[in-house]
Amino acid sequence: MRALITVDNSMDPTTAVNHLYCTGYALYQPFVDSPDDTFKKEANSCAEEIANRYRANYISIEHRYYAFSAPSQCWTNLDDLRAKEAAEDFHNLVVALKKVLKGKWVMSGVSKGGITTLLQHTFHPEDMDIYVPYSAPFFDSDRDTTMQTYWYQNGWNQELLDMFMSIRQTGISDSTIYNIFYKMTFGGNTSDAHADTIYGSYLTNVALFGYEEHTYSDTASIRKQLYKNTSVMQQYGFTNYCDTVYAYMFDRCTFSLDSFGRWIDTLRAYPDAKQMPRRKVARRRAFEPFGITEDEWWVRQNGKIVDNHAYSYQAKCELGYYDLRYNLIVGEQAAPAWNAAYKKYVGVLRNFETPWCKNLTFNRSLYDRAMTATQNATKPIILIYGEDDTWTGAAVKDAFINGTNVKKFILPAQNHSVTFSSNTDQGKCDAIRAALDAVLGAPQDIKQLSLQGVEPARKVLRNGQIFILRGDKTYTLTGTEVQ
């Protein structure tokens, strides 16, 4: 297992707070390239904000079977690619480091790293003084639909939801789209060629259109960008989004049409789809039976093993995954055909249809164990989610939040990169800080308030929160006076 340890030179690392951060995948390259960025004042991302607040030793860890933490010929033995084995990796590292690093310990992670954080509590609650999973979804099946329900019913106003649904419905039903993409490829007379065309990519974007926008943007930004896109479409002579293959053109992170003018120009130049020039597109390699060679599992790039299917394996066996079905878009009668196409083309679900993955069976015992451990937690757990994040639909359910040691915060106008440093809800963010401070102590740079002419302050713990008393006045750790 690979780990990167960074310390703040202004602190004594043997007594400082220790922040164990799990990506759930490989180490993030920015951590490797610029580890000192962890302690810059502006380092308030969900990955670094805890380390930054407490000037903590920052220990970023890589999950087994990812990148350089993949064992030799790992593709021949997947029994070791399990949550329990990964938890043992991290436990052994913590036990070793605690011999030198004597301060308090906190573990966090985002998304799959958040899942891994809560699973570490499940198997080794004694490892940490407090656990902080961010944006952590938990599924009780390999095709969970809770995210879909949340997507359609939460975080959207009706105008935006209607706009996104209109785009997706039209993208599915427009009969000219298939011909446009089909004719842009070579060898177009077989069903196999159909599967290899960028029509597959287009279906993926239709299926997920609005999903990543919901995940990584806030409602205000979505509204602003949609109006901007409307202006661009009108500039090219289209009156609305339903005039062309808009969904494929959208960049899925910022969903902006600004850079796709030449695509629109090309489509306008060939109103007859059959006259579209053919364009060579890389053909997807046919899926082969799993477990024969390394090339079917990992591909080496510059000496590094890049995983293709490790997460798919974990999701299918024990972590679960989401399923955004078409029945809410096209109706129950038309949904089966589109659901089949969605599973064929979209990400992890596509891998679920491969021969090696079809033979795997989901076991929800890990989910049950994790939820029971959370419900009965003896160590503090702070679950943080963004209200505008699609994945919040699969958040740990309220039934497993015991309210004493486990607290869940859903921050408004925040997404999959949710942070308590942003203060979108001052009260909730202060409560998160107070819960952390109650375990890890007051941050080093605000031990005392700089108020001239009054007596020294003292810290007190009240109802699980730390306050500063100075004379007859009471302050929060951020210096706000409490009435």
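A search of this whole structure, which is a predicted model, turns up four cavities of 30 Å³ or more. Let's walk through two of them, beginning with the largest.

The largest cavity has a volume of about 70 Å³. To find its walls in the structure, start with α4 (112–123), one of the helices that supply at least two residues of the lining. No element gives more to this lining than α4, which provides five residues. The helices α3 (83–97) and α14 (310–319) also supply at least two residues each. Among the residues around this space you will find Ala 83, Ala 86, Ala 87 and Phe 90, along with Lys 112, Ile 115, Thr 116, Leu 119 and Gln 120. His 63, Gln 314 and Leu 319 belong to the lining as well. Sorted by class, the lining has seven nonpolar, four polar and one charged residues.

Now move on to the second largest cavity, with a volume of about 50 Å³. Here α4 and α14 each supply at least two lining residues, as does α19 (365–375). Which helix gives the largest share of this lining? That is α19, with three residues. Look for Leu 366, Tyr 367 and Ala 370 in the lining, together with Pro 137, Phe 138 and Phe 139. Ile 115, Leu 119, Glu 318 and Leu 319 are lining residues here too. By class, this lining divides into nine nonpolar, no polar and one charged.

It helps to view the two spaces side by side. Ile 115, Leu 119 and Leu 319 line the largest cavity, and these residues also line the second largest cavity.

How values were computed
Residues are numbered from 1 along each chain as its sequence is written. This is a predicted model: local features need pLDDT of at least 70, side-chain atom pairs count only at pLDDT 80 or more; totals for chains, interfaces and linings use all residues. Side-chain values use heavy atoms; hydrogens and water are left out. On a 1 Å grid over the protein atoms alone, a cavity is a set of points where a 1.4 Å probe fits but cannot get out, and a pocket is an open set with protein on both sides within 12 Å along at least five of seven lines; lining residues have an atom within 4 Å of a point. Grid points are joined across faces, edges and corners, and a volume is the space filled by probe spheres set on the points. Helices (H or I, at least four residues) and strands (E, at least two) are DSSP runs, numbered from the N terminus. Ala, Val, Leu, Ile, Met, Phe, Trp, Tyr, Cys and Pro count as nonpolar, Asp, Glu, Lys and Arg as charged, and the others, Gly among them, as polar.
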